[in-house]
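This briefing sets out the fold and selected side-chain arrangements of one protein chain. Please consult the sequence and the structure below alongside the text.

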Amino acid sequence: MKADERICPACAEVVKRAASLCKHCGHKFRSIDPAEAPPSFDAEREGRNFKTALALGIIGIISLVAYCTPDKAANDAAKSANAVATAKESPLANESTQMAWIGKSQEGIKAKLRDPDSAEFRDSRFYSGGSAPVVCGEVNSKNGFGGYGGYQRFIASGEKLAFLESEMTSSSEMDDAWKKMCVKAPTDEAHVPW
């Protein structure tokens, strides 16, 4: 191997050190060559953790604002009495609107995958009983070697807010997010089993 070459970590092929993409597998190289970086360099993972924490923080703030009122005890009785009537008036109570939300959320998940066209979804469900309307399900797609990596859970709210289980620091973090976000409301009907 020459001094101006390096090994692609995804496919183990030799490429030019100045390349930003591997010509063999399409792997994107970091702006800093890992061989030249300090031993503690892990910016990609730190960036992913920051984005996850930021999104969960935003969702938490939305939940806090939505559910914290000055006279919560008095409002709880009124909320439970009118819950079904209010839910049926909600624009998200319509099954066709929920199906459209599932489609938009799946597009948001596809945008995060290495090979979006290979995405295979299963058990995608619409939930609006948590702090925000979300779609929870599983997705499988091709990895850098061209093989499917196995199903992983996802949570998405439209095209802009999407989390894959592989982006979380641990499976317990995904479990916690799943329990808080994927909560069924009485009017949640949309479900795509495949």
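A disulfide is a pair of cysteine sulfur atoms within 2.5 Å. The sulfur of Cys 22 has its closest cysteine sulfur in Cys 11, at 3.6 Å, which is too far for a bond, so these two residues do not form a disulfide. The model is predicted. Its protein chain has four helices and seven strands, and five strands form an open antiparallel sheet. The points below are grouped by topic.

**Overall composition**

- From the N terminus on, the protein chain follows the element order β-β-α-α-α-β-β-β-β-α-β.
- Of the 194 residues in the protein chain, 31% are buried.
- Among contacts in the protein chain with a separation of 6 or more, 49% are between residues 24 or more positions apart.

**The sheet**

- The order of strands across the open sheet is β6-β5-β4-β3-β7, with antiparallel pairing.
- The edges are formed by β6 (161–164) and β7, each of which pairs on one side only.
- Helix α3 packs on the sheet and touches β3, β4, β5, β6 and β7, while its direction makes about 130° with that of β3.
- Helix α4 lies across β3, β4, β5 and β6 and runs at about 45° to β5.
- Strands β3 and β4 run antiparallel and are joined by six bridges; they form a hairpin with six residues between them.
- Strands β4 and β5 also pair in the antiparallel sense, over five bridges.
- Strand β4 is mostly covered, since six of its seven residues are buried.
- Within these pairings, Cys 136 in β4 is the bridge partner of Arg 125 and stands opposite Ile 155 in β5.
- Gly 137 stands opposite Phe 154 in β5.

**Cysteines**

- The count of disulfides comes to one.
- This disulfide is formed by Cys 136 and Cys 182, with their sulfur atoms 1.8 Å apart, a distance that is within 2.5 Å and therefore satisfies the cut-off.
- The link joins distant parts of the chain: Cys 136 is in strand β4 (residues 134–140), and Cys 182 is in the loop between α4 (171–181) and β7 (191–192), 46 residues apart.
- The link of Cys 136 and Cys 182 is left-handed, with -90° about the S-S bond.
- Cys 136 and Cys 182 are both buried.
- Viewed from Cys 11, the closest cysteine sulfur is in Cys 22, and the 3.6 Å between the sulfur atoms is too far for a bond.
- Cys 22 counts as buried because its relative accessible area is 4%, which is under 20%.

**Aromatic pair**

- A pair of aromatic rings is described by the distance of the centres and the angle of the planes.
- The count of aromatic pairs comes to one.
- Phe 121 and Phe 154 form this pair, with 5.6 Å from centre to centre and 80° between the planes; the arrangement is edge-to-face because the angle is over 60 degrees.
- The pair links distant parts of the chain, with Phe 121 in strand β3 (residues 120–127) and Phe 154 in strand β5 (residues 152–157), 33 residues apart.
- Phe 121 is buried, with a relative accessible area of 10%, and Phe 154 is buried, with a relative accessible area of 0%.

**Charges over rings**

- The charged end of Arg 122 sits over the ring of Tyr 151, at 3.8 Å from the ring centre.
- Arg 153 lies over the face of Trp 178, at 5.4 Å from the ring centre.

**Surroundings of Gln 106**

- Gln 106 is located in helix α3 (residues 95–110).
- The relative accessible area of Gln 106 is 15%, and this residue is therefore buried, the limit being under 20%.
- Apart from its neighbours within four places in sequence, Gln 106 is in contact with Phe 121 and Ser 124.
- Gln 106 and Val 139 are 33 residues apart in sequence, and their C-alpha atoms are 9.0 Å apart in space.

Definitions and conventions. Residues numbered from 1 in each chain as written. Predicted model: local features only at pLDDT ≥ 70, side-chain atom pairs only at ≥ 80, totals over all residues. Heavy atoms only, no water. Phe/Tyr/Trp six-rings, centres within 6.5 Å; stacked < 30°, edge-to-face > 60°. Helix = DSSP H or I, 4+ residues; strand = E, 2+ residues; numbered from the N terminus. Buried < 20%, exposed > 50% of the residue type's maximum accessible area, 1.4 Å probe, protein only. Lys NZ or Arg CZ within 6 Å of the ring centre and 35° of its normal. Contact = heavy atoms within 4.5 Å. Pairing = 2+ DSSP bridges. Axes fitted to C-alpha atoms, helices over the stretch in contact; angles between N-to-C directions.
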